[in-house]
Amino acid sequence: LITQTTSGLMPTLASLFSQGCIPDQIEWTDPVDGDTINGTVTLKGTVNVTDLGYYKYEYAQYGSDTWTTIAAGNTKVVNDALGGTWDTSELTPGDYQLRLVVTDHQNTSLPECTIKITVAAP
């Protein structure tokens, strides 16, 4: 989404942070963009695409391109646990990105669904 401002066109927060997410196909449902989490978290989302090969979900410190895989799966999920839990207690508190990377059976990557979250101190 683009909104007109007095200084020109500016992307909205939703388009900046929830990049690549497609409602009911590839999306995070818990946490959602902007949430604050801590401790051990069950990550929930939707991976419901035709010809699903596999998906993985990863995190990185906000602004970094160094991604760490949390876990992966190869079955469709609709607004449910993506598999396993994520222990954030060893992370430095601050802003992070979570992304869902989905690939079909032809090994073609679909748009990555990336959100911004904050990890709070335990």
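How many aromatic pairs does a search of the whole structure find? I ran that search and got four. Before going further, I noted that this is a predicted model.

**Entry 1: one ring pair**

I looked up Trp 28 and Tyr 57. Their ring centres are 6.2 Å apart and their planes stand at 90°, so I logged the pair as edge-to-face. The cut-off for that label is over 60 degrees. I then checked where the two residues sit. Trp 28 is in strand 3 (residues 26–30) and Tyr 57 is in strand 7 (residues 52–61). They are 29 residues apart, and the pair links distant parts of the chain. Buried or exposed, I asked of Trp 28 and Tyr 57? Both turned out to be buried. Tyr 55 also came up: ring pairs join it with Trp 28 and Tyr 57 in a cluster.

**Entry 2: the sheet around strand 3**

I followed Trp 28 into its strand. Strand 3 belongs to an open sheet of three strands, ordered 3-6-9, with antiparallel pairing. Which strands are the edge strands? I found strand 3 and strand 9 (77–81), each pairing on one side only. Neighbouring strands of this sheet are turned by 20° against each other on average, direction ignored. I went through the contact between strand 3 and strand 6 (residues 44–47) too: four bridges join these antiparallel strands. The bridge partner of Trp 28 in strand 6 is Gly 45.

**Entry 3: charges over rings**

I searched for charged side chains over ring faces. Arg 99 lies over the face of Trp 67, at 4.0 Å from the ring centre. Lys 116 lies over the face of Tyr 62, and here the distance to the ring centre is 4.7 Å.

**Entry 4: the whole chain**

I stepped back to the protein chain. I listed one helix and 12 strands. In sequence order, two strands come before the helix, as the pattern β-β-α-β-β-β-β-β-β-β-β-β-β shows. Of the 122 residues, 34% are buried. I also looked at contacts with a separation of 6 or more: 64% of them join residues 24 or more positions apart.

**Entry 5: confidence**

I left pLDDT for the end. The mean for the protein chain is 87, and 85% of its residues reach 70 or more. Where does the mean pLDDT of an element drop lowest? I found it in helix 1 (residues 13–17), at 41, while strand 4 (residues 36–37) has the highest, at 97. Over residues 1–17 the value stays under 50. The model has 20 contacts beyond four places in sequence for that stretch. I keep one caution in mind: where pLDDT is low, predicted coordinates should not be read in detail.

Conventions
Residues numbered from 1 in each chain as written. Predicted model: local features only at pLDDT ≥ 70, side-chain atom pairs only at ≥ 80, totals over all residues. Heavy atoms only, no water. pLDDT = per-residue confidence, 0-100. Contact = heavy atoms within 4.5 Å. Phe/Tyr/Trp six-rings, centres within 6.5 Å; stacked < 30°, edge-to-face > 60°. Buried < 20%, exposed > 50% of the residue type's maximum accessible area, 1.4 Å probe, protein only. Lys NZ or Arg CZ within 6 Å of the ring centre and 35° of its normal. Pairing = 2+ DSSP bridges. Axes fitted to C-alpha atoms, helices over the stretch in contact; angles between N-to-C directions.
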